[in-house]
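Work through the following exercises with the sequence and the model side by side, trying each task before reading its solution.

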Amino acid sequence: MRKSKWLVALFVSLLALTGCGKKEDFAEVLDASRKKMDELSNYAMKMEMKIGVKAEGIEMTLPVVVDAKIDAKSQTGEMTTSMQFMGMDISTQSYTQTVDGKTTTYTKEEMDDEEVWTKETSESATDYKQFVSITENSTDIQKKKSDDKNADYYQVTISKEQMQSLMKESSNLMGDSMDMEGYDIKNDVVVDVYVDKNSHYITKLGIDLKDVMSMDEMEAGVELTEASITISFREFDKVGTITIPEDVIENAQEYSDDMENDSEYDEPEM
């Protein structure tokens, strides 16, 4: 009897030392990381989106990259959007600011060989938290082998409604360079989530939408060959305060459809 108790005590001690028998609660880990992200005052974010289409035997892939600095405290963002289209490298600088539930976007445009700042106001607020809170209410959480020695890798499933909302915010952030109108998310989506082992911040999200995104009847005859989003986060609470330059605010012209016709290039409609 004494020997049995001694063996049990030894076994329990070994489990405590090795961590065996103690299953990590992945939902709690991701929830803690999400809360840390929600509490950030500012951060940098890079969003890379690729949309590939095929029609009448012709294939085209449109990559769009948004390199942004977000001041969550003052709801202000500064970003550079770059894309490649028909052999051209196109880059656009812009600022966004949300006040009283409305978002004003200031964009540098090339018109008649002259750089002009335009402004456009939306009746809705840009919700940057959609990006940092993507794991909220996620299901089917699995921990996978990570290819990054500094980060743990999880796969989570989010609802199609969450993904549709994220796509809307992505489109708002990217502006006219990536108009997601006419696209629909038909199923729940698996998201790759990387969490830094030391800081516990979410550092990268990866989303493959090819098999869950559909196009409406207006896009009949067009096959979707690629659809992916990668979002990386860095400079946590190191970006500082973002201020839109006074000359941009004072000199920005109200955007109109006529300006699009006068611009250096016509942006593609997706």
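## Exercise 1: A helix, its cap and its buried face

Start at the N-terminal end of helix α2, where D25 acts as the cap, one of its side-chain oxygens lying 3.1 Å from the backbone nitrogen of A27. The model is a predicted one, in which local features need pLDDT of at least 70 and side-chain atom pairs count only at pLDDT 80 or more, while totals for chains, interfaces and linings use all residues. Residues are numbered from 1 along each chain as its sequence is written, and side-chain values use heavy atoms, with hydrogens and water left out.

**Task.** Determine what span α2 reaches from its first C-alpha to its last, and which residues of α2 are buried.

**Solution.** Step one is to delimit the element: helices (H or I, at least four residues) and strands (E, at least two) are DSSP runs, numbered from the N terminus, and α2 covers residues 26-38, which is 13 residues. Step two is the span, for which the expected value is 1.5 Å times one less than the number of residues; α2 reaches 18 Å, close to the 18 Å expected. Step three is burial, where buried means under 20% relative accessible area, exposed over 50%, and partly exposed in between (1.4 Å probe, protein chains only). The buried residues of α2 are L30, S33, R34 and M37. Viewed down the axis of α2, these buried residues fall within an arc of 100°, so they line one face of the helix; the arc is that of the directions from the helix axis to the C-beta atoms.

## Exercise 2: Salt bridges within a helix and across the chain

**Task.** Find which side chains R34 meets in salt bridges, and where in the chain the partners R234 and D67 lie.

**Solution.** The criterion comes first: a salt bridge is a side-chain nitrogen of Lys or Arg within 4 Å of a carboxyl oxygen of Asp or Glu, and by this rule the count comes to ten salt bridges.

Next, take R34, which is buried at a relative accessible area of 10%. Its side chain meets that of D31 at 2.5 Å, N to O, and that of D38 at 3.2 Å, N to O. D31 and R34 are three residues apart in α2, about one turn of the helix, while R34 and D38 are four residues apart in α2, again about one turn. An α-helix has 3.6 residues a turn, so residues three or four places apart point the same way. Both acidic partners are partly exposed, D31 with a relative accessible area of 28% and D38 at 21%.

Then turn to R234 and D67, whose side chains form a salt bridge of 3.0 Å, N to O. This pair links distant parts of the chain, with R234 in strand β13 (residues 223-234) and D67 in strand β2, 167 residues apart. R234 is partly exposed at 32% relative accessible area, and D67 is partly exposed at 34%. To complete the picture, salt bridges that share partners join D31, R34, K35 and D38 into one network.

## Exercise 3: Two buried residues of one strand

**Task.** For E109, establish which side chain of opposite charge is the nearest; for T103, establish which side chain joins it in a polar contact.

**Solution.** E109 lies in strand β5, residues 102-111. It is buried yet has no salt bridge, and the nearest side chain of opposite charge is K108, 11 Å away; here Lys and Arg count as positive and Asp and Glu as negative, whereas His and the chain ends are not counted. With neighbours within four places in sequence left aside, E109 is in contact (heavy atoms within 4.5 Å) with E114, E115, V116, T118 and Y255.

T103 also has its place in β5 and is buried, with a relative accessible area of 2%. Its side chain is joined to that of T98 by a polar contact of 2.9 Å. A polar contact is a pair of N or O atoms within 3.5 Å; within protein, one must be able to donate a hydrogen and the other to accept it, and residues adjacent in sequence count only if both atoms are side-chain atoms.

## Exercise 4: Positive phi in two loops

**Task.** Locate D100 and H200, and state how accessible D100 is and how accessible H200 is.

**Solution.** D100, although not a glycine, has a positive phi of about 55°; it lies in the loop between β4 (88-99) and β5 and is exposed, with a relative accessible area of 77%. H200, likewise not a glycine, has a positive phi of about 70°; its loop runs between β10 (189-196) and β11 (202-208), and at 43% relative accessibility H200 counts as partly exposed.
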